[in-house]
Amino acid sequence: MNQPETKAAIDAVSELLDAHFREAEDCADEDGKFSLGFRVCFDRSHSPTRLKVTCRVAKVTTDEIECSVADPAQPKLPL
């Protein structure tokens, strides 16, 4: 394990968590659940290694209406 890379990644995740925690908390569902996602990318094709840490806060809203619509070209059948 590369200690400097790992420490830099953990420090970046911690900084992003502090920066976006309140925003994520504001997106909580009715049960109080919320989440933040983190992605850590190491690019060792450069010297020194480049580190990119991404934080994702997403709120998903789902709404649905379901109904039946009669075909106006079809006459109603007697019951």
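**F21, F38 and the β1–β2 hairpin**

I'll start with F21, which is partly exposed, with a relative accessible area of 37%. Bear in mind that this is a predicted model. F21 is found in helix α1, residues 3-26.

On the surface, F21 belongs to a nonpolar patch that also includes L17, F34 and F38, and the patch covers about 310 Å².

Next, F38. This residue lies in strand β1. Its relative accessibility is 32%, so F38 also counts as partly exposed, since that class runs between the under 20% of buried residues and the over 50% of exposed ones.

What is F38 in contact with, leaving aside its neighbours within four places in sequence? The list is V13, L16, L17, T54 and C55. L17 therefore turns up twice in this talk, as a contact of F38 and as a member of the patch with F21, F34 and F38.

T54 deserves a word as well. T54 and F38 are 16 residues apart along the chain, and their C-alpha atoms are separated by 5.5 Å. The bridge partner of T54, though, is R39, with T54 sitting in β2.

That brings me to the strands. How do β1 and β2 run, and how many bridges join them? Strand β1 covers residues 37-43 and strand β2 covers residues 50-56; they run antiparallel and are joined by seven bridges. Together β1 and β2 form a hairpin, with six residues between them.

To recap: F38 lies in β1, is in contact with T54 and C55, among others, and shares a nonpolar surface patch with F21.

Methods: Residues numbered from 1 in each chain as written. Predicted model: local features only at pLDDT ≥ 70, side-chain atom pairs only at ≥ 80, totals over all residues. Heavy atoms only, no water. Pairing = 2+ DSSP bridges. Helix = DSSP H or I, 4+ residues; strand = E, 2+ residues; numbered from the N terminus. Buried < 20%, exposed > 50% of the residue type's maximum accessible area, 1.4 Å probe, protein only. Contact = heavy atoms within 4.5 Å. Patch = residues over 30% accessible without salt bridge, like charges linked within 9 Å, V, L, I, M, F, W, Y side chains within 5 Å. Areas by Shrake-Rupley, 256 points an atom, 1.4 Å probe, with all protein chains shown as cover. Salt bridge = Lys/Arg side-chain N within 4 Å of Asp/Glu carboxyl O.
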